[in-house]
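Hi,

Here is the structure I promised to pass on. Have a look at it first, and then read my notes underneath.

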Amino acid sequence: MDPTELGTNFSSIKCQKCSTGYFLPVNPTEKYSQWKCGGCNASANYSDICGFVCKIKAMRDAILDKRTSSKSRLEAISRLENLLRDNTKTALHPNHWLVIDIEFNLLQLIVASISSGEVAKTRGDYFENANEMVLTRRLIDLCQHCLSIANVIQPGFNIYRGKT
């Protein structure tokens with residue numbers, strides 16, 4: 001089996017011991033497999049990897065739980081962007097499933113904020129230089145990245161692409 005999940009690195013975790021490697025499961029079909037870094041051969045067990053990912057997932061969940069009003073929706077966008085920035089450089093592969101999940105939530109929040117006119121009303125409250133054009137460009141980038149991974153992991157017509 002391919003531990004890189006068809007080259008997407010959908011589960012890869014950044015190694016903290018070297019600057020170039022990512023942890024991948026030694027036996028990808030076994031849930032509790034050992035994980036090894038492709039750069040320095042450091043190893044980690046399943047519970048370490050799971051605990052690491054669960055911390056970031058809990059931060060994501062805490063942000064998404066507070067997005068009911070328009071102001072909190074804009075704040076959630078800003079906080080999710082910060083969570084992505086902080087973790088894609090130091091913790092998770094840019095194609096990790098949790099990064100894709102955060103990006104997918106971000107694009108839904110951005111669409112809701114733009115379509116409701118919230119961005120125009122609250123410009124600058126949570127974003128520096130925020131405007132509809134900046135958020136629309138970000139929306140396009142997020143869609144392109146999510147779809148590039150979906151093309152490999154889940155090709156064809158499916159609910160991820162809006163097909164019901």
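Let's start with a term we need straight away: on a 1 Å grid over the protein atoms alone, a pocket is an open set of points where a 1.4 Å probe fits, with protein on both sides within 12 Å along at least five of seven lines, and its lining residues have an atom within 4 Å of a point. With that in hand, the second largest pocket is lined by Ile 13, Lys 14, Gln 16, Lys 17, Phe 23, Ser 43, Ala 44, Asp 48, Ile 49 and Phe 52.

A word on where this comes from: the model is predicted, so local features need pLDDT of at least 70 and side-chain atom pairs count only at pLDDT 80 or more, while totals for chains, interfaces and linings use all residues. Residues are numbered from 1 along each chain as its sequence is written, and side-chain values use heavy atoms, with hydrogens and water left out.

**The overall layout**

The chain has five helices and four strands. Here helices (H or I, at least four residues) and strands (E, at least two) are DSSP runs, numbered from the N terminus. Along the sequence the pattern reads β-β-β-β-α-α-α-α-α. Of the 164 residues, 38% count as buried; buried means under 20% relative accessible area, exposed means over 50%, and partly exposed is in between (1.4 Å probe, protein chains only). Contact means heavy atoms within 4.5 Å. Among contacts between residues at least 6 apart in sequence, 52% join residues at least 24 apart.

**The two pockets**

Back to the second largest pocket: it holds about 150 Å³ of space. For such volumes, grid points are joined across faces, edges and corners, and the volume is the space filled by probe spheres set on the points. Strand S1 (13–14), strand S4 (43–44) and H1 each supply at least two residues of this lining, and the largest share, three residues, comes from H1. By class, the lining of the second largest pocket has five nonpolar, two polar and three charged residues. In this count, Ala, Val, Leu, Ile, Met, Phe, Trp, Tyr, Cys and Pro are nonpolar, Asp, Glu, Lys and Arg are charged, and the others, Gly among them, are polar.

The largest pocket has a volume of about 430 Å³. It is lined by 22 residues, and the closest to its centre are Ser 11, Trp 35, Tyr 46, Ile 49 and Trp 97. Helix H1 (residues 46–64) gives the most to this lining too, with six residues. The lining of the largest pocket divides into 13 nonpolar, four polar and five charged residues.

**Two helices side by side**

Two packed helices are described by the angle between their axes and the distance between the axes. The axes of H1 and helix H3 (residues 97–116) come within 11 Å and cross at roughly 10°. That makes H1 roughly parallel to H3, a label for angles under 35 degrees (over 145 is roughly antiparallel, 65 to 115 roughly perpendicular and the rest oblique). The axes are lines fitted to C-alpha atoms, for helices over the stretch in contact, and angles run from 0 to 180 degrees between N-to-C directions. H1 contributes Val 53, Ile 56, Lys 57, Arg 60 and Leu 64 to the contact, and H3 contributes Trp 97, Leu 98, Asp 101, Ile 102, Asn 105 and Leu 109.

**A few residues to click on**

- Pro 25 lies in strand S2 (residues 22–25) and counts as buried, at 12% relative accessibility. Its C-alpha atom is 4.2 Å from that of Trp 35, 10 residues away along the chain. Not counting residues up to four places away in sequence, Pro 25 touches Pro 3, Ser 33, Gln 34 and Trp 35.
- Asn 87 lies in helix H2 (residues 70–88) and is buried, also with 12% relative accessibility. Leaving aside neighbours within four places in sequence, Asn 87 is in contact with Ile 56 and Leu 92.
- Asn 45 is in the loop between S4 and H1 and is partly exposed, at 30%.

One last thing to look at: most residues other than glycine have a negative phi. Which sign does phi of Glu 5 have? Phi of Glu 5 is positive, near 55°, and phi of Leu 6 is positive as well, near 60°. Glu 5 lies in the segment before S1, as does Leu 6. Glu 5 is partly exposed at 27%, whereas Leu 6 is exposed at 63%.

Cheers
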